[in-house]
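User: I am new to this structure and would like to understand the reasoning behind the words used for it. Could you take me through it step by step?

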Amino acid sequence: MQENIERISRPLELAASFMSAMSRVASSVALVTTIDENGQPHGLAATTFLSVSMNPASALICVNRSASASPVIKDSGVFCVVPLQSIHEEISARFIRPDNRDKRFVHSRWRTGPAGLPFIDDASAVFCSVAREVEHGTHTVIIGNVHSVIVPEVQDSLVYMGGRYVRLDAGDVEN
Ligand SMILES: Cc1cc2nc3c(=O)[nH]c(=O)nc-3n(C[C@H](O)[C@H](O)[C@H](O)COP(=O)(O)O)c2cc1C
């Protein structure tokens with residue numbers, strides 16, 4: 001046992017083991033969108049989003065500082081979390097791959113919400129302003145105060161596990 005603990009405590013192996021352990025956790029996928037000073041939308045697909053508190057209503061995201069949207073969220077001070085459903089698999093893929101940056105906001109489902117923040121018309125949307133930022137390692141943990149929310153009828157959740165999208169049983173979801 002002691003041998004195992006020592007073996008995985010070397011930094012590179014530790015990171016690989018940690019990534020492997022986390023890949024076994026099912027996570028819901030959201031888009032995080034923001035807008036720059038010229039009104040251009042930016043965003044990323046993220047599995048790190050959660051509610052922090054209901055009073056004040058607040059949400060948390062973790063953004064890699066190498067992501068193209070990272071400096072834009074910092075500058076604009078606003079972001080929108082768009083939790084996805086399984087029908088949004090294709091749109092999610094556009095936000096994961098850097099070569100698709102110019103195709104991210106071309107879909108007809110995009111709408112403009114408060115503060116010019118983009119959201120899609122058949123998903124929930126949580127509009128936030130940045131309240132707190134903590135840099136740790138490669139990422140910035142961002143807590144946002146929630147200003148408005150759109151809640152359409154939701155069928156299911158887009159879930160990622162083991163390096164791929166997995167389906168939730170639609171019968172498990174109640175609106
Ligand atoms: C399943 C999955 C979850 C991800 N979650 C996050 C996340 O929570 N935070 C983050 O900064 N990037 C996350 N990424 C990476 C981004 O979606 C994206 O690949 C990266 O920001 C590159 O964006 P860019 O081309 O705009 O720089 C995730 C990628 C995948 C495949």
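User: What makes the radius of gyration of the chain agree with that of a compact globule?

Analyst: This is a predicted model, and for its 175 residues a compact globule would be expected to have a radius of gyration near 16 Å, while the chain has 17 Å, so the two agree. Along the principal axes, the C-alpha atoms fill a box of roughly 55 × 40 × 40 Å. Within the chain there are four helices and 12 strands, and buried residues account for 25% of the 175 residues.

User: Why is helix α2 said to lie largely in the open?

Analyst: A residue is called buried if 20 or more other C-beta atoms lie within 10 Å of its own; of the 13 residues of α2, the number that are buried is zero, so the helix lies largely in the open.

User: How do you know what span to expect for α2, residues 11-23?

Analyst: The expected span is 1.5 Å times one less than the number of residues, which for the 13 residues of α2 gives 18 Å, and the helix reaches 18 Å from its first C-alpha to its last, close to that expectation.

User: What makes up the shell around the ligand, by class?

Analyst: The shell holds 12 nonpolar, four polar and one charged residues. Of the 17 residues around the ligand, Ala-46, Thr-48, Ala-67, Ser-68 and Pro-98 come nearest, while β3 (41-46), β5 (57-64) and α4 (89-96) each supply at least two residues of the shell.

Terms used
Residues are numbered from 1 along each chain as its sequence is written. This is a predicted model: local features need pLDDT of at least 70, side-chain atom pairs count only at pLDDT 80 or more; totals for chains, interfaces and linings use all residues. A residue is buried if 20 or more other C-beta atoms lie within 10 Å of its own, exposed if 12 or fewer, and partly exposed in between; C-beta atoms are placed from the backbone. The radius of gyration is taken over C-alpha atoms; the globule rule is 2.2 Å times the number of residues to the power 0.38. A residue is near a molecule or strand if its C-beta atom, placed from the backbone, lies within 6 Å of it. Ala, Val, Leu, Ile, Met, Phe, Trp, Tyr, Cys and Pro count as nonpolar, Asp, Glu, Lys and Arg as charged, and the others, Gly among them, as polar.
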